[in-house]
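Please walk through this structure with me, beginning inside one chain and ending at the place where two chains meet.

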Amino acid sequence: MKFTEDHEWLLTDGDTITVGITPHAAEQLGDVVFVELPELETQVAKGDEIVVIESVKAASDITAPLDGEIVEVNDTLVDNPALVNEDPTGEAWFFKIKVEDPSALDDFMTEDEYKDHISD
Amino acid sequence: MDGVCNPKALPLAALHEALGAKFVPFAGWSMPVQYSLGVMGEHKWTRENAGLFDVSHMGQVMLPADTAAALEALVPVDVIGLAEGRQRYGFFTTDTGGVLDDLMIARVPDGLFLVVNAACRDADIAHLRAHIDGVEEITGRALLALQGPKAESALSSLVPAVSDMRFMDSQRHIWNGAELWISRSGYTGEDGFEVSVPEDVAEDFARALLADDHVEPIGLGARDSLRLEAGLPLYGQEMSEDISPIEAGQAWAITKVRRAGGDRAGSFPGADTILGQIAHGPARRRAGLLPEGRAPMRTGVEIFDSTDATTPIGIVTSGGFGPTLGAPMALALIDANTAPDAPLWGEVRGKRLPVSQTTLPFTPNGYKRSPK
């Protein structure tokens with residue numbers, strides 16, 4: 001599993017990456033009450049804001065970690081946004097993206113590097 | 001520049017820290033925004049049990065007993081007729097009919113006790129001093145609020161006399177040798193109390209309340225969602241120098257004796273505008289909105305009366321998710337000509353999402369208006 005500076009986790013399966021947010025991010029957000037997911041088969045560019053997350057406190061977003069195509073979204077979250085707080089690294093994945101260049105994943109943080117990042 | 005950028009610590013800061021609070025800067029103070037239950041949990045706890053809020057950032061002011069008429073010249077409410085032991089909600093108005101701040105006014109044995117908003121505290125005191133002699137800013141007292149259906153049982157175990165108080169009573173009672181200034185009021189829509197307590201016993205008093213299994217500490221986050229569900233205005237959002245109390249839906253607070261035809265009609269700043277709005281209706285009005293989907297509509301969201309209108313008819317002044325309501329909710333300031341049942345749309349991230357108008361409060365209040 002790899003991690004971004006925006007507190008996303010990335011799980012690779014060939015050229016498809018599953019994306020979610022870390023327990024640290026979920027805790028910072030507070031109780032999630034609304035999730036808006038990207039459309040299937042959308043082409044997205046790295047940095048695009050493609051998911052909206054609203055908690056009782058504020059609105060936030062998830063950006064595309066790399067260029068690619070959205071191949072699956074987790075509709076469960078739309079009906080049950082609280083899952084993001086309950087199981088952020090499991091059932092509460094947000095989307096799967098098919099990337100053009102899986103090797104670009106090497107640039108993201110390892111779990112240890114991410115732990116250092118959030119302890120700063 | 002020290003002290004300008006650094007928010008001030010509450011007298012009970014160490015207790016909040018020990019209770020696991022997260023802090024945010026607010027109106028110049030470092031305030032607990034949430035504890036371990038989180039905003040949603042704290043909100044629901046307060047509606048079902050009792051929540052303890054530290055609101056010591058608010059300003060506490062004492063005026064001499066003979067200043068009721070002078071205070072009436074600044075607020076459109078009946079101060080002269082306020083009975084001892086009673087409290088009333090009011091606001092300082094501007095010459096143009098806006099609002100400088102809202103406040104609570106209590107008639108106590110030795111004067112008038114006011115509680116004003118933290119962000120307006122210095123300006124309010126300067127405003128009072130410009131018109132009234134003997135204005136005393138109270139220091140050395142914390143202000144705590146205990147709110148929720150279990151508030152009476154928790155507080156009465158320490159101060160039995162509070163069980164006989166009704167909504168908006170203001171009384172003084174002794175606890176452990178210290179004088180508590182207690183009112184039966186709050187900012188959550190629930191029954192409850194606000195207690196001014198000397199700082200040197202404030203932590204003991206707070207801990208004595210928290211020792212009750214039904215009392216949990218509650219932060220600013222839930223305070224905001226609770227007051228919003230209760231339809232209560234927040235100064236600076238629902239009401240301001242540019243939004244009159246009539247537009248903000250607070251005409252109820254303007255006492256009959258200060259209205260047209262009353263014995264002491266007018267004679268407060270902006271009276272012509274405000275009484276004119278009562279008589280003829282304001283140009284804008286407050287609306288309670290229920291978004292149809294799950295997306296919250298927050299402050300600043302523009303409201304339209306059709307999906308293709310180019311000009312908004314209003315704007316959300318406060319919005320979020322109502323934990324007890326189980327749905328998003330918003331207060332908006334809209335064109336007063338809008339029919340109360342007209343379907344409306346809020347524009348969120350470029351999309352027009354349907355909202356319906358509703359009556360306020362969003363959730364029923366639990367005020368205790370008569371003694372048991």
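In this predicted model, the buried residues of helix α7 of chain B pack against a set of elements from the same chain, namely β2, β3 (29–34), α2, β4 (50–54), β17 (314–322) and β18 (327–335). Nine of the ten residues of α7(B) are buried, and the helix is therefore largely enclosed by the rest of the structure. Those buried residues are B:Leu220, B:Gly221, B:Ala222, B:Arg223, B:Ser225, B:Leu226, B:Arg227, B:Leu228 and B:Glu229. Just after α7(B) comes B:Gly231, which takes a positive phi of about 75 degrees.

One of the buried residues of this helix, B:Glu229, also takes part in a salt bridge, its side chain meeting that of B:Arg47 with N to O at 3.0 Å. Because B:Glu229 lies in helix α7 of chain B and B:Arg47 in helix α2 (residues 38–48) of chain B, the pair ties together parts that are 182 residues apart in sequence. Both partners are out of reach by the accessibility criterion, in that B:Glu229 is buried and B:Arg47 is buried too.

Helix α2 of chain B is also the place of B:Thr46, a residue that counts as buried because its relative accessible area is 0%, where the criterion asks for under 20%. Once the neighbours within four places in sequence are left aside, B:Thr46 is in contact with B:Gly51, B:Phe53, B:Gln147, B:Gly148, B:Pro149, B:Thr188, B:Glu190, B:Ile218 and B:Leu226. Of these, B:Leu226 has already appeared among the buried residues of α7(B).

From α7 the path leads on to the loop between α7 (220–229) and α8 (271–280) of chain B, where B:Met239 lies. Is B:Met239 buried or exposed? Its relative accessibility is 0%, and B:Met239 therefore counts as buried. Not counting residues up to four places away in sequence, B:Met239 touches B:Tyr89, B:Phe91, B:Val99, B:Asp102, B:Pro233, B:Leu234, B:Ser244, B:Pro245, B:Ala248 and B:Gln250. Between B:Met239 and B:Arg286, which are 47 residues apart in sequence, the distance in space is 9.9 Å from C-alpha to C-alpha.

Another salt bridge in chain B joins B:Arg258 and B:Glu72, whose closest N and O atoms are 3.7 Å apart. Because B:Arg258 lies in the loop between α7 and α8 of chain B and B:Glu72 in helix α3 (residues 68–72) of chain B, this pair ties together parts that are 186 residues apart in sequence. B:Arg258 and B:Glu72 are both buried, and they belong to a network of salt bridges that links B:Glu72, B:Asp78, B:Arg88, B:Arg258 and B:Arg264. Side chains of opposite charge can pair when their charged atoms come close.

Over all chains, a search of the whole structure finds 24 salt bridges, and four are found across the interface of chain A and chain B. In one pair, the side chains of B:Lys22 and A:Glu27 meet at 3.7 Å, N to O. This pair crosses between chains, from strand β2 (residues 22–26) of chain B, which holds B:Lys22, to helix α1 (residues 23–29) of chain A, which holds A:Glu27. B:Lys22 counts as partly exposed because its relative accessibility is 27%, whereas A:Glu27, at 52%, counts as exposed.

How many residues of each chain are in contact with the other? On the side of chain A there are 15 residues, and they are in contact with 13 residues of chain B. The two chains bury about 1,200 Å² between them, with 50% of it on carbon and sulfur atoms. In chain A, the residues that lose the most area to chain B are A:Val33, A:Val56 and A:Lys57, together 37% of what that side buries.

A further salt bridge brings together the side chains of B:Arg349 and A:Glu54, at 3.1 Å from N to O, and across the interface of chain A and chain B there are seven residue pairs in polar contact. The side of chain A that touches chain B draws at least two residues from each of β4 (32–36), β6 (49–55) and α2 (76–79) of chain A. By class, that side has eight nonpolar, one polar and six charged residues.

As for confidence, chain A averages a pLDDT of 95, and 100% of the residues score at least 70. Within chain A, confidence is lowest in strand β7 (residues 59–63), at a mean of 93, and highest in strand β8 (residues 68–73), at 98.

How values were computed
Residues are numbered from 1 along each chain as its sequence is written. Chains are lettered from A and ligands numbered from 1 in the order in which they are written. This is a predicted model: local features need pLDDT of at least 70, side-chain atom pairs count only at pLDDT 80 or more; totals for chains, interfaces and linings use all residues. Side-chain values use heavy atoms; hydrogens and water are left out. Contact means heavy atoms within 4.5 Å. Buried area is the accessible area (1.4 Å probe) that two parts lose on being put together, summed over both. A polar contact is a pair of N or O atoms within 3.5 Å; within protein, one must be able to donate a hydrogen and the other to accept it, and residues adjacent in sequence count only if both atoms are side-chain atoms. Helices (H or I, at least four residues) and strands (E, at least two) are DSSP runs, numbered from the N terminus. Ala, Val, Leu, Ile, Met, Phe, Trp, Tyr, Cys and Pro count as nonpolar, Asp, Glu, Lys and Arg as charged, and the others, Gly among them, as polar. pLDDT is the predictor's confidence in each residue, from 0 to 100. Buried means under 20% relative accessible area, exposed over 50%, partly exposed in between (1.4 Å probe, protein chains only).
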